[in-house]
Amino acid sequence: MKKIHLQPIDGNSTGYLGLLAILGAFVLGALGSTYYMEHNGHWVTGMDNQIVWGMPHVFAVFLIVAASGALNVASISSVFQKKIYKPLAPLSTLVALALLMGGLMILVLDLGRPDRLIVAMTYYNFKSIFAWNMILYNGFFVIVGIYAWFMLDRTMKQYSRYAGIAAFVWRLALTTGTGSIFGFLVARTGYDMAMMAPMFVIMSFSFGLAIFLLVLMASYNWTGRELGDAVVNRLRKLLGIFAMAVLYFVFVYHISNLYATEHHGFEAFMLLGENGGETYSNIFWIGQILIGSLIPIAMIYAPGVANCRKTLAMACLLIVFGGLAQMYTIIIGGQAYPLDIFPGMEVLESTFNDGLVSQYSASLPEYLLGLGGFAVSLIVIALGVKVLGFLPESLADSVADPHAKAE
Amino acid sequence: MNKTETVNISRRSFVEKSATAAAALTIAPGIFLNQVHAKPAAEAVTDAKRWGILVDTAKCASGCTSCVTACHEENGIASHGRPLTDQQWIRKVKLKDKQTNHVVSLPVMCQHCEKPPCVDVCPTGASFKRDDGIVLVDRHICIGCRYCMMACPYKARSFAHEAVDNVVDYQPRGKGTVESCTMCVHRVDEDGTPACVEACTEAEHGAMIFGDLKDPESAISKELVKHGGTQLRADLGLNTGVRYRGI
């Protein structure tokens with residue numbers, strides 16, 4: 001293998017500055033939304049006492065899960081010693097850190113009291129999986145940060161494999177923790193399942209790799225650097241496998257629920273759209289399964305498109321869309337389905353919507369906050385590749401994998 | 001200490017101290033009147049008691065909302081005219097048994113679980129349970145993440161979606177934090193009865209009994225021994241402090 005140089009990008013072009021300006025506008029939109037929501041209180045959003053977590057959480061959890069997945073390439077390189085991915089491992093850590101930053105920003109700015117962040121950092125209830133997640137998120141920054149440093153610093157390079165293994169274990173813990181936020185909710189029919197944790201792990205593999213591929217292809221395309229098919233096609237196939245694995249987990253999740261009579265109501269709501277679940281079943285079947293899984297899987301494996309970057313980019317975008325749809329059905333759908341407080345009873349009257357499907361319609365500030373989180377992630381990546389040498393100068397096939405066979 | 005100093009009290013000093021003591025003896029009963037029987041503020045709550053409420057749905061009148069009104073008046077909870085985001089510490093529900101068609105009416109509030117899921121999930125420990133079984137939110141360290149609302153099986157918690165007016169001094173509340181029934185802890189600590197229970201009695205329904213579940217001589221314990229009482233979602237094993245009869 002030829003020596004591969006990691007080179008910062010120039011970052012002086014109009015396109016680059018324009019990109020930063022557009023992303024900056026989204027961040028301003030998010031900050032404005034936060035001010036509006038916090039000044040007036042959350043009643044101005046679509047959230048209420050029934051749907052307590054809304055669109056900001058859909059974006060935030062998606063980004064946090066994707067952050068872990070963006071580390072795939074680095075993990076395969078350091079832990080499983082696949083040399084072809086080694087040049088891309090630093091970029092993988094940058095994307096992972098950036099996505100986590102964006103996700104956490106949303107989560108914090110949506111708190112009822114974001115000004116009390118210091119309280120969240122200093123008061124820990126160790127029985128709370130949420131508190132554990134705070135430790136996991138902060139630890140992720142530290143461990144992945146050290147991992148990136150070891151890879152980029154010639155004098156520390158020898159230790160990078162150990163840091164990579166630590167980061168690999170930590171990222172699995174992080175996604176397990178994030179899935180468990182839902183899995184541990186014993187009272188809600190749509191949650192309360194240990195499977196949530198591994199499902200979130202596998203979701204992270206797929207969503208994170210899709211975003212990583214988009215970042216990779218965009219940055220090479222926009223900087224005019226050469227990116228060979230050998231690396232991209234390997235990642236493309238890997239993405240296909242991950243997307244199918246997510247489908248498998250979703251299948252097992254629903255088949256388990258379908259077996260238990262007490263969950264039939266929820267499944268009818270989510271899969272058949274009964275009892276007011278039309279929105280969620282539509283988002284599930286059309287958004288998550290068709291557009292977000294089956295179509296991109298077909299695009300990945302379709303004959304004749306192996307080297308087509310546009311097809312792959314579109315497949316990645318659809319997987320991102322499908323991921324957001326999946327988060328929506330999990331987070332919003334899970335809350336919209338009524339809590340079964342009085343089993344065997346029909347609620348005739350209640351002033352608190354007991355027994356009714358809750359309605360939710362995200363407000364503009366919620367969307368803006370969510371998109372602002374994405375923008376923060378992309379700004380961090382854009383600045384990262386300019387300041388430090390995260391991107392290999394060339395990943396042409398002759399450099400990345402001289403023995404690669406063309407497809 | 002010099003012996004002469006100990007007895008060397010001037011006449012002026014003597015008069016001053018006597019007057020202070022007399023004033024203290026006169027005023028003190030007024031100041032401390034409400035604490036005569038109550039637990040002193042400095043005394044820690046212990047698990048010698050477990051407070052609970054028993055609701056007899058046969059006596060709970062359909063359409064009566066005395067308990068709700070009393071609770072909200074007592075705790076300064078005002079509606080903003082937006083039912084979906086207004087705080088509700090207690091609500092009335094009317095249920096029909098799907099099999100038997102038997103209809104019951106009952107109030108639902110925080111069930112003050114022995115093993116509260118809201119306390120388990122709270123990242124900062126703002127949700128906590130006192131040793132006497134009362135589940136509360138410390139609104140000084142609540143960050144407004146709403147995870148407790150996700151975890152509560154009874155939808156007993158509300159989020160302050162907007163500025164809170166009408167705050168009463170014994171019940172600090174504020175925008176951006178989560179709140180729920182405190183079992184009127186400020187009354188309980190002064191040997192009182194929760195406002196909802198009192199209102200139910202005053203309305204002559206007598207559907208709610210408040211008391212110490214650990215005291216076999218308390219009215220609530222005697223009623224429970226005699227007629228039993230069920231928990232909402234008993235399958236979750238939370239051992240609630242609020243019990244119901246007739247559902």
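## A walk through chains A and B

Chain B has eight helices and nine strands. Keep in mind as you look around that this is a predicted model. Of the 247 residues in chain B, 44% are buried. Among the chain B contacts with a separation of 6 or more, 63% link residues that are 24 or more positions apart.

A good place to begin inside chain B is strand E1(B), residues 51–56, where six of six residues are buried. In a regular strand, side chains alternate between the two faces of the sheet. Here Trp51(B), Ile53(B) and Val55(B) point one way, while Gly52(B), Leu54(B) and Asp56(B) point the other way, and all are buried.

Which strands pair with E1(B), and in what sense? E1(B) pairs with E8(B), residues 208–212, in the antiparallel sense, and with E9(B), residues 242–245, in the parallel sense. The table puts these pairings beside the one that joins the two chains.

| Strand pair | Sense | Bridges |
|---|---|---|
| E1(B) and E8(B) | antiparallel | five bridges |
| E1(B) and E9(B) | parallel | four bridges |
| E1(A) and E2(B) | antiparallel | five bridges |

To find these pairings on screen, a few residues help. Gly52(B) has Gly211(B) of E8(B) as its bridge partner, and Leu54(B) has Arg243(B) of E9(B). Across the chains, the partner of Ser350(A) in E2(B), residues 90–97, is Val93(B).

That last pair leads to the interface. There, 39 residues of chain A are in contact with 44 residues of chain B. On the chain A side, the elements that give two or more residues are helix H5 (117–122), helix H6 (129–152) and strand E1 (345–350). Of these, E1(A) provides the largest share, six residues. By type, the chain A side divides into 21 nonpolar, 11 polar and seven charged residues.

Chain A also offers a helix pair to explore. Two packed helices are described by the angle between their axes and the distance between the axes. For H2(A), residues 55–70, and H7(A), residues 160–183, the axes come within 9 Å and cross at roughly 155°. Why do they count as roughly antiparallel? Angles over 145 degrees fall in that class, so H2(A) and H7(A) are roughly antiparallel to each other. Their crossing is left-handed.

From H2(A), the contact uses Val61(A), Ile64(A), Val65(A) and Ser68(A), and from H7(A) it uses Arg171(A), Leu174(A), Thr175(A) and Thr178(A). These residues divide into four nonpolar, three polar and one charged.

Note on methods:
Residues numbered from 1 in each chain as written. Chains lettered and ligands numbered in written order. Predicted model: local features only at pLDDT ≥ 70, side-chain atom pairs only at ≥ 80, totals over all residues. Contact = placed C-beta atoms within 7 Å. Nonpolar A, V, L, I, M, F, W, Y, C, P; charged D, E, K, R; others polar. Pairing = 2+ DSSP bridges. Buried ≥ 20, exposed ≤ 12 C-beta atoms within 10 Å, placed from the backbone. Axes fitted to C-alpha atoms, helices over the stretch in contact; angles between N-to-C directions. Parallel < 35°, antiparallel > 145°, perpendicular 65-115°, else oblique. Left-handed = near helix turned anticlockwise from the far one by under 90°.
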